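The following report walks through selected features of one structure, element by element. Please keep the sequence and the 3D view at hand while reading.

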Amino acid sequence: HYSSMSYSQNLSAGLYTWYNNPSDADINGFEIELTKALSKFGLDNFIISLNYTRINGEIARMPIEVAAKIKTGMLDIDADSENIAAYSTRRIMQQPEELANFDITYDNSDIGLRTSLIFNYTSDILRGTSLGDSFDYYDDSFESIDFVFSKTFGDNLTLKLAAKNITNPLISTFYKAYDDDFNAVKITKEDYRKGRSFSLSL
């Protein structure tokens, strides 16, 4: 269990608000990691690794969130008891449900060289909760690639280069709305790119 800060967006009023959600969040999951050296295939010093993380997190919505949906008519307090119960909990903000990465590494200690190419996957992420006439909104899932290089010279000198998010994918942001039967519907909000980053150290 842990406490949660939440972010809400009210479309009609143009408000963006952080608030403390007094509910405790429940979170659980698992992680799998596999590593394999490729020397038996004639690829000395090459290593492949796979990591997968699954995270299940849930928190009760603020009562004002549910009340606002009843007030705006999205939920009918008399006819939608099941939908109200379903809407009364949500995912944890800023927390993807799935993370995965796969990397290919060349590590040669004889010459002090190590380099890795890393492929990353991040599932959709809840960025903001709903108030009034707005809806929860998410970053859609995306893939990215990182590159890391290091070279050691002598005993005390190491050159390190890192390039993050090389592919710089376009990330879609969407509202999770509901139709008349309370089925979830994606409404595109905007697209953006996180940008690349590079670092060099010696």
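Which residues of helix α1 are buried? In this predicted model, helix α1 spans residues 63–71, and its buried residues are E65, V66, A68 and K69.

## The two sides of helix α1

The buried residues of α1 cover an arc of only 160° around the axis, and they therefore lie on the same side of the helix. On the other side of α1, the residues P63, I64 and K71 are exposed.

After α1 comes G73, a residue whose phi is positive, near 90°.

## Strand β5 and its partners

Strand β5, which covers residues 98–108, pairs with strand β3 (residues 46–60) in the antiparallel sense, and 9 bridges are found between the two. Within this pairing, L50 has F102 of β5 as its bridge partner.

Strand β5 is also joined to strand β6 (residues 113–122), again in an antiparallel arrangement, by 10 bridges. Here D107 has R114 in β6 as its bridge partner. The hairpin of β5 and β6 has 4 residues between the strands, and in this hairpin G112 takes a positive phi near 70°.

## The setting of N108

Is N108, a residue of strand β5, buried or exposed? Its relative accessible area is 10%, and because the cut-off for a buried residue is under 20%, N108 counts as buried. When its neighbours within four places in sequence are left aside, N108 is in contact with N45 and L113.

## A nonpolar patch on the surface

Which residues make the nonpolar surface patch of about 650 Å²? The patch is made by F30, I32, L34, L50, F102, I104, L117 and F119, so that L50 and F102, the bridge partners described above, both appear among the residues that form the patch. The elements that give two or more residues to the patch are β2 (15–37), β5 and β6, and of these β2 gives the most, with 3 residues.

L117, one of the residues of the patch, lies in strand β6. Its relative accessibility is 32%, and L117 therefore counts as partly exposed, since that class lies between the limit of under 20% for buried residues and that of over 50% for exposed ones.

Notes
Residues are numbered from 1 along each chain as its sequence is written. This is a predicted model: local features need pLDDT of at least 70, side-chain atom pairs count only at pLDDT 80 or more; totals for chains, interfaces and linings use all residues. Side-chain values use heavy atoms; hydrogens and water are left out. Buried means under 20% relative accessible area, exposed over 50%, partly exposed in between (1.4 Å probe, protein chains only). The arc is that of the directions from the helix axis to the C-beta atoms. Contact means heavy atoms within 4.5 Å. Two strands pair if DSSP finds at least two bridges between them. Patches are made of residues with over 30% relative accessible area and no salt bridge: like charges are joined within 9 Å, nonpolar side chains (Val, Leu, Ile, Met, Phe, Trp, Tyr) within 5 Å. Accessible areas come from the Shrake-Rupley method with a 1.4 Å probe; for residues, only the protein chains shown count as cover. A salt bridge is a side-chain nitrogen of Lys or Arg within 4 Å of a carboxyl oxygen of Asp or Glu.
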